[in-house]
Amino acid sequence: MLHLVVNGRPVPIHDQPPNRTLLQFLREDLGLTGTKEGCAEGDCGACTVAVREAGGYRATNACLVLLPMMNGKEIVTVEGLSEGGALHPAQSVMVEKLGSQCGYCTPGVVMSLFEACYRLDLDEPWKLDDQMCGNLCRCTGYRPIREAAAVVGGCAPDDRFARRLDEPIAAPESLDHRAGGQRFWAPATLDELFAILRDHPAARIIAGGTDLSLLVTKRFEVLPELVSVENISVLSSMEARADMVSIGAAVRLSDLEAFARRELPSIERMLRYFGSRQIKNRGTVGGNLANASPIGDLPPILLALGATVVLVSERGRRRLPLDVFFLAYRKTALEPGEIVERVEVPRPPPSARVTAYKVSKRQELDISTVSAGLYVNLDGPTVREARFAYGGMAAVPKRAAAVERAVIGKAWTEATVAAACAALERDFTPIDDHRGSAWYRRTVARNLLIGFFHETAGERSPRHRARPTGTVVPGSPS
Ligand SMILES: Cc1cc2nc3c(=O)[nH]c(=O)nc-3n(C[C@H](O)[C@H](O)[C@H](O)COP(=O)(O)OP(=O)(O)OC[C@H]3O[C@@H](n4cnc5c(N)ncnc54)[C@H](O)[C@@H]3O)c2cc1C
Ligand code: FES
Ligand code: FES
């Protein structure tokens, strides 16, 4: 049996098949039709609800969440916000700023604003864009919505939701839920997980579900046996050591983003353009590596930083350089019964320069055409080490070995970089597709390397400056 709390009311669930989404359950079983369905693939935000987690409420795409993933959690929908006829600040600000017309997107927008109300880290204008970029609106235009976010972001109302955040969250328990011929496990330890994988070798691992759930919601496939790694606490830890940073596979991308701000600015910079706030609130590091997409956004920067991936099974642990983890298109070195446990990222030495780039058709919530993680370590003016990794240029995220060889031992100058770029022809044979031609991809790859040379001339791991936003709010830095 599953236990959810929706808008403060316990909702026991006996007979819902594990492939049913939270969105379907809210709308069709609980009649909470304020939460809308637009795309059913995480792109529009109409289905946004908030989930109480340690540290705050998290805006979440209900269309991508399978019901058992919410076992033991508290969900707030747009119907749960107002009290005694008084609107929540996330709602009243939308009225004041004229942020709604047809209203289809509005409940989702309100729930993203709801998360923003209780966030204490919205200290830069770009974070408001990041907070809201997972919510599409087809009629109002984004200025009023952006202005609403600027008013309530971090306003921390002293209300029942804030008081609830002060209360402890129960430790997750193991779950074995069956209904409708489907089964969903959420073990709490690695040993339990290994036993399930041994007895059910066809069971599929699921973490945040932001990739896997699409098989259910868009391809209408049935995933009869799923094992979640979300409740295994050892997979959700992050550790900053003197020489390296260790990141658990089940760490959510929004948590990694906050952590990387202090520890690894090049990763924070990449995550700014990863999906949306809702996607980062569920998506994990392990999911991004294990799905082995050629346009996954974390692999290039992790390759550039020289990361090692730690794999674990009941046979023990093994460490692999990330370079050899990706074997072929969507194929990794993971063996049956084995999972990604964590990623270990060495800290760049002071003589290194490193950063990440993502080129896509849209700035927000888009898939990379080409992405890059670029790293050089200098000995005076001379290049001692180079790791130039690209996404979107081959069947797997891959380093440009010939370009790297062409700069090592040379003076780090624009002339060296420009000459070395000729070797991109040997490293990659990119494809033509609707996102970009082979010529375009090669040209972008070259230009990113030259841009890297110039951008890191001033700062060795440049952060994003407060950027001009699409809808400028008076007083925001430009
Ligand atoms: C709207 C939208 C926008 C997106 N934007 C981006 C983007 O900008 N950049 C980008 O790179 N990706 C993007 N994605 C893809 C996705 O969000 C990421 O790949 C995310 O990191 C996947 O993590 P997850 O935990 O949700 O994976 P899941 O969907 O849970 O799992 C993905 C795969 O990894 C496997 N897996 C998960 N954890 C482990 C583990 N610990 N060990 C072994 N196997 C494991 C699963 O079996 C599955 O095959 C987007 C997705 C959506 C829907
Ligand atoms: S319905 Fe579009 S993001 Fe969920
Ligand atoms: S108000 Fe119509 S889609 Fe946003």
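Let's start in the middle of a sheet: strand β12, residues 308-313, is joined to β16 by five bridges, and the two run antiparallel. Here helices (H or I, at least four residues) and strands (E, at least two) are DSSP runs, numbered from the N terminus, and two strands count as paired if DSSP finds at least two bridges between them. Along this pairing, V309 stands opposite V343 in β16.

A word on the ground rules before we go on. This is a predicted model, in which local features need pLDDT of at least 70 and side-chain atom pairs count only at pLDDT 80 or more, while totals for chains, interfaces and linings use all residues. Residues are numbered from 1 along each chain as its sequence is written, chains are lettered from A and ligands numbered from 1 in the order in which they are written, and side-chain values use heavy atoms, with hydrogens and water left out.

Now step back to the whole sheet. Five strands make up this open, antiparallel sheet, in the order β10-β11-β16-β12-β13. Because β10 (238-240) and β13 (316-321) stand at the edges with a single partner strand each, one side of each has no neighbour in the sheet. On average, neighbouring strands here are turned by 20° against each other, direction ignored. Two helices pack on this sheet. Helix α7 (residues 190-199) touches β12, β13 and β16, and its direction makes about 135° with that of β16. Helix α9 (residues 253-263) touches β10 and β11 (244-248), and its direction makes about 0° with that of β10. Contact means heavy atoms within 4.5 Å; axes are lines fitted to C-alpha atoms, for helices over the stretch in contact, and angles run from 0 to 180 degrees between N-to-C directions.

Parallel pairing appears elsewhere in the chain. Strand β7 (residues 182-186) is joined to β9 (residues 225-228) by three bridges, running parallel, and W185 has V227 in β9 as its bridge partner. Strand β8 also runs parallel to β9, again through three bridges, with I206 partnered by S228 in β9.

Strand β8 leads us to the ligand. Ligand 1 is surrounded by 33 residues, the closest being I205, A207, T210, D211 and T284; a residue is near a molecule if one of its heavy atoms lies within 4 Å of it. Several polar contacts (pairs of N or O atoms within 3.5 Å) reach oxygen atoms of the ligand. A backbone N or O atom of I205 lies 2.6 Å from one such oxygen atom, a polar backbone atom of G275 is 2.8 Å from an oxygen atom, and a polar side-chain atom of K358 is 2.9 Å from an oxygen atom. Taken alone, ligand 1 exposes 980 Å², of which the protein buries 91%; accessible areas come from the Shrake-Rupley method with a 1.4 Å probe. Elements giving two or more residues to the shell are β8 (204-206), α12 (285-290) and β16 (339-346), and α12 gives the most, with four residues.

Finally, a second open sheet has four strands in the order β17-β18-β19-β20, paired antiparallel. Its edge strands, β17 (352-359) and β20 (398-399), each pair on one side only. Strand β19 (residues 382-391) and β20 pair over two bridges, and A389 stands opposite R399 in β20. Helix α17 (residues 438-458) packs on this sheet, touching β17, β18 (370-379) and β19, with its direction at about 140° to that of β17.

Terms used
A polar contact is a pair of N or O atoms within 3.5 Å; within protein, one must be able to donate a hydrogen and the other to accept it, and residues adjacent in sequence count only if both atoms are side-chain atoms.
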